[in-house]
Amino acid sequence: MKKMFIGLSLIGLFVGCAQDNVMELEGRVAVKGSEPHTYLSIKDTKTQTSYKIHNQAKFDLTKKQNKMVKVKAVVVKEAIGPGFPAVIEVVEVQ
């Protein structure tokens with residue numbers, strides 16, 4: 001019984017932490033970079049931070065270039081510095 005309680009507590013902790021990583025972004029979608037190193041990005045209007053979109057094909061975001069889009073996303077890789085923005089994976093397009 002004690003082991004089961006500890007196991008369920010750990011599962012709840014992991015599920016709770018995973019949900020906290022989802023963030024909402026609203027901004028303009030644009031292609032950045034120069035050939036052959038282009039990528040799709042979104043610039044958040046609140047924080048003025050740009051994010052590289054990892055899975056743009058899943059939600060067909062290339063058709064939404066230069067439009068305001070609201071997405072829920074998870075950070076896959078943190079920003080390294082100028083020219084290397086944080087990489088996000090879009091979970092939902094609203």
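Author: A strand here is a DSSP run of E that covers at least two residues, and strands are numbered from the N terminus. With that in hand, E24 can be placed: this residue is in strand β1, residues 22-32. Please keep in mind that the model is predicted.

Reader: Thanks! What does the secondary structure of the chain come to?

Author: One helix and five strands. Read from the N terminus, their order is α-β-β-β-β-β.

Reader: Back to E24, then. Why does E24 count as partly exposed?

Author: Its relative accessibility is 46%. Buried would need a value under 20% and exposed one over 50%, so a residue in between is called partly exposed. E24 therefore counts as partly exposed.

Reader: Which residues does E24 touch, leaving aside those up to four places away in sequence?

Author: K70, V71, K72 and Q94. A contact means heavy atoms within 4.5 Å. Another pair worth a look is E24 and V93: they are 69 residues apart in sequence, and their C-alpha atoms are 9.7 Å apart in space.

Reader: How much of the contact count in the chain comes from residues 24 or more positions apart?

Author: Among contacts with a separation of 6 or more, such residues account for 48%.

Reader: Let's move to strand β2. What makes S41 count as buried?

Author: The relative accessibility of S41 is 3%. The limit for buried is under 20%, so a residue at that value falls on the buried side. S41 is in strand β2, and it touches R28, V29, A30, K32, Y51, K52 and I53, with residues up to four places away in sequence not counted.

Reader: Which residue is the bridge partner of S41 in β3?

Author: That is K52.

Reader: And how do you know that β2 and β3 pair?

Author: Two strands pair if DSSP finds at least two bridges between them. Strand β2, residues 39-44, and β3 have three, in the antiparallel sense. Five residues lie between the strands of this hairpin, and Q48 takes a positive phi near 60 degrees there.

Reader: How many bridges link β3 and strand β5, and is the sense parallel or antiparallel?

Author: Three bridges, in the parallel sense, with β5 covering residues 86-93. Since at least two are needed, the count of bridges is enough to call this a pairing. One of the partnerships joins Y51 to A86 in β5.

Reader: Which residues of β3 make up the covered face, and which the uncovered one?

Author: Y51 and I53 form the covered face, while S50 and K52 form the uncovered one; the strand spans residues 50-53. As background, side chains in a regular strand alternate between the two faces of the sheet.

Reader: What makes the charged end of K52 sit over the ring of Y39?

Author: The charged end is 5.3 Å from the ring centre. The distance limit is 6 Å, with a further condition of 35 degrees from the ring normal, so a charge said to sit over a ring has passed both.

Reader: How many aromatic pairs does a search of the whole structure find?

Author: Zero. Ring centres within 6.5 Å would be needed, so no two of the rings considered meet that limit.

Reader: Now the loop between β3 and β4. Why does N55 count as buried?

Author: Its relative accessibility is 12%, and buried means under 20%. N55 is in that loop, ahead of β4 at 68-77. Not counting residues up to four places away in sequence, N55 touches I88, E89 and V90.

Reader: What does the side chain of N55 reach?

Author: The backbone nitrogen of V90, at 2.8 Å. The limit for a polar contact is 3.5 Å, so that distance lies within it.

Reader: Why is N66 called exposed, whereas D60 is called partly exposed?

Author: N66 has 53% relative accessibility, and D60 has 34%. Exposed means over 50%, so N66 passes that cut-off and D60 does not. D60 and N66 are both in the loop between β3 and β4. Phi is positive in each, about 50 degrees in D60 and near 60 degrees in N66, and neither D60 nor N66 is a glycine.

Reader: One last point: where is the cis peptide bond?

Author: It joins E35 and P36, with omega at about 0 degrees. P36 is found in the loop between β1 and β2.

Methods: Residues are numbered from 1 along each chain as its sequence is written. This is a predicted model: local features need pLDDT of at least 70, side-chain atom pairs count only at pLDDT 80 or more; totals for chains, interfaces and linings use all residues. Side-chain values use heavy atoms; hydrogens and water are left out. Buried means under 20% relative accessible area, exposed over 50%, partly exposed in between (1.4 Å probe, protein chains only). Helices (H or I, at least four residues) and strands (E, at least two) are DSSP runs, numbered from the N terminus. Rings of Phe, Tyr and Trp (its six-membered ring) pair if their centres lie within 6.5 Å; planes under 30 degrees apart count as stacked, over 60 as edge-to-face and the rest as tilted. A polar contact is a pair of N or O atoms within 3.5 Å; within protein, one must be able to donate a hydrogen and the other to accept it, and residues adjacent in sequence count only if both atoms are side-chain atoms.
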